[in-house]
Structures are given as structure tokens and as C-alpha cells.
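Colleague: Got a minute to walk me through this model? I'd like the layout before I set anything up.

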Amino acid sequence: MKIVIHGNKIKITSAIYDYIEAKIGKLDKYIENADSITANVLVKVKGKDQTVEVTIPVKKYILRAEETHNDLYAAIDLVSDKLERQIRKNKTRLKKKTKGSEDFIINFKVSKEEEETGKIVKRKFVESKPMSEDEAILQMNLLGHDFYVFTDSKTLSVSVLYRRKDSNYGLIETK
């Protein structure tokens with residue numbers, strides 16, 4: 001796998017590059033034809049916190065993880081473990097999604113108990129009333145949720161408002 005590393009407010013030294021390459025390179029064993037895949041790694045520094053974002057676009061899906069820690073090498077370890085857990089947790093779904101495609105090979109042996117996790121255990125139906133973005137933020141905060149689905153009163157389209165890790169808000173709009 002090719003690894004492209006970018007630094008934001010940090011210089012990527014050869015030691016950091018080698019460490020990232022070793023940790024992210026371990027994921028090669030799960031991906032067939034890994035030579036044709038490019039992993040994008042972004043290392044950011046904000047105060048004492050160091051954030052590592054890894055995005056690996058594979059043919060029919062994208063693997064992505066982000067971790068923040070005050071130690072850069074610990075953040076790299078955490079993001080690598082997180083990606084490996086994502087692959088393990090979603091093994092069955094990923095195989096179904098690729099429908100026999102040989103792009104993705106998983107070498108884990110997963111017990112039946114592990115495969116049973118991840119089912120939809122609750123289903124809710126909500127009435128979506130037209131409202132402004134500010135009203136949706138207020139409603140989401142009143143409910144104590146991290147996201148809120150609503151109909152935008154300006155466009156009359158369904159939108160999803162969500163709380164970001166940096167305590168700001170994001171908005172996903174449908175066409």
C-alpha cells in the first residue's frame with residue numbers, strides 16, 4: 001500500500017514517516033492488490049494534542065479513522081488499532097458489499113457471537129416538521145442527542161444536523 005503523509009503545523013521527520021508506514025502498512029494483509037491502494041494520512045497539531053487521520057479509499061468503500069492524543073506515537077498506535085477493529089467488526093458487511101470481489105481479504109476467524117453483533121435493535125419513526133437550522137440546534141440540545149433529523153424550512157429538504165468533536169455543528173442536506 002502506498003502511504004501519503006501530510007503534516008499540518010508539524011514537520012514529518014523520517015522517524016515519524018517510518019513509524020506511520022510500519023503501523024498502517026500492517027493493514028496490507030487484509031487488502032488484496034494493496035499496491036494499487038493509496039492511504040492518506042494527515043498529522044495535525046493543536047496545542048498539546050496531536051491528531052492522526054487515516055483515510056484508505058478501497059474500490060467500493062472507504063476506511064477512515066481519526067485519533068487524538070498528546071503523544072504522536074500513541075495517536076498513531078490508536079488509529080492503527082481502530083482501523084483494524086473496524087475491519088474486524090464489519091467483516092461480514094464488507095464481504096457482502098463487495099459481493100465476492102477479490103479486493104478485500106480478511107484473515108480473522110470470528111466466532112458466531114461476534115458476527116451476531118451490530119443488529120438493529122430499535123427502530124423509531126419521527127414526524128419531521130419544517131424548521132430553521134437554529135430551531136433544529138435547540139431541539140437537538142433539548143433532546144440531548146448528537147444528531148437531529150429535520151425538514152429545512154427554506155429548502156423543504158430533509159437535513160441531518162450533528163455535533164462535531166470540536167463542539168461545533170455539521171449539517172448534511174439532501175437534494
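Modeller: Sure, here is a quick tour, from the overall layout to some single residues.

Modeller: Before that, this is a predicted model, so to speak: local features need pLDDT of at least 70, side-chain atom pairs count only at pLDDT 80 or more, and totals for chains, interfaces and linings use all residues. Residues are numbered from 1 along each chain as its sequence is written, and side-chain values use heavy atoms, with hydrogens and water left out.

Colleague: Fine. How many helices and strands are in the chain?

Modeller: Five helices and eight strands. Those are DSSP runs numbered from the N terminus, with helices being H or I of at least four residues and strands E of at least two. Along the sequence the pattern reads β-α-β-β-β-α-α-α-β-α-β-β-β.

Colleague: In what order do E1, E2, E3 and E4 sit in their sheet?

Modeller: E1-E2-E3-E4, as an open sheet with mixed pairing. Two strands count as paired if DSSP finds at least two bridges between them. E1 (2-8) and E4 (61-69) are at the edges with a single partner strand each, so one side of each has no neighbour in the sheet. The twist averages 15° from one strand to the next.

Colleague: And which way do E1 and E2 run, parallel or antiparallel?

Modeller: Parallel, with seven bridges joining E1 to E2 (residues 38-46). Ile5 stands opposite Val41 in E2.

Colleague: Which strands does H1 lie across?

Modeller: H1 (residues 14-25) lies across E1, E2 and E3 (49-58), at about 135° to E1. H2 (residues 72-89) lies across E2, E3 and E4, at about 145° to E4. The angles run from 0 to 180 degrees between N-to-C directions, with axes as lines fitted to C-alpha atoms, for helices over the stretch in contact. Contact means heavy atoms within 4.5 Å.

Colleague: OK, cores. Which residues touch the most other members in the largest nonpolar core?

Modeller: Ile20 and Ile56, out of 27 residues in that core. E1, H1, E2, E3, E4 and H2 are the elements that give two or more residues to this core, and H2 gives the most, with six. A nonpolar core here is a set of buried Ala, Val, Leu, Ile, Met, Phe, Trp, Tyr and Cys residues joined through side-chain atoms within 4.5 Å. Buried means under 20% relative accessible area, exposed means over 50%, and partly exposed is in between (1.4 Å probe, protein chains only).

Colleague: What is Ile20 in contact with?

Modeller: Leaving aside neighbours within four places in sequence, Ile20 is in contact with Ile3, Ile5, Gly25, Val41, Val43 and Ile76. There is also a second, separate core of six residues, which includes Met131, Met140, Phe150 and Leu161.

Colleague: Lys23 caught my eye. Is Lys23 buried or exposed?

Modeller: Buried, at 19% relative accessibility. Lys23 lies in helix H1 and, apart from neighbours within four places in sequence, is in contact with Ile76, Asp77 and Ser80.

Colleague: Switching to the other sheet, what order does that open sheet of four strands have?

Modeller: E5-E6-E7-E8, again with mixed pairing. E5 (130-131) and E8 (169-173) are the edge strands, each pairing on one side only. E6 and E7 run antiparallel and are joined by five bridges, and Phe150 stands opposite Ser159 in E7.

Colleague: Where does H5 lie?

Modeller: H5 (residues 133-143) lies across E5, E6, E7 and E8, at about 150° to E6. Ala136 is found in H5 and is buried, with a relative accessible area of 0%. Leaving aside neighbours within four places in sequence, Ala136 is in contact with Met131, Tyr148, Phe150 and Leu161.

Colleague: Last one, Ser157. Where is the place of Ser157?

Modeller: In the loop between E6 (147-152) and E7 (158-163). Ser157 is buried at 13% relative accessible area, and the Ser157 side chain reaches the backbone oxygen of Thr174 at 3.5 Å.

Colleague: And how much of the chain is buried?

Modeller: Buried residues make up 31% of the 175 residues.

Terms used:
A polar contact is a pair of N or O atoms within 3.5 Å; within protein, one must be able to donate a hydrogen and the other to accept it, and residues adjacent in sequence count only if both atoms are side-chain atoms.
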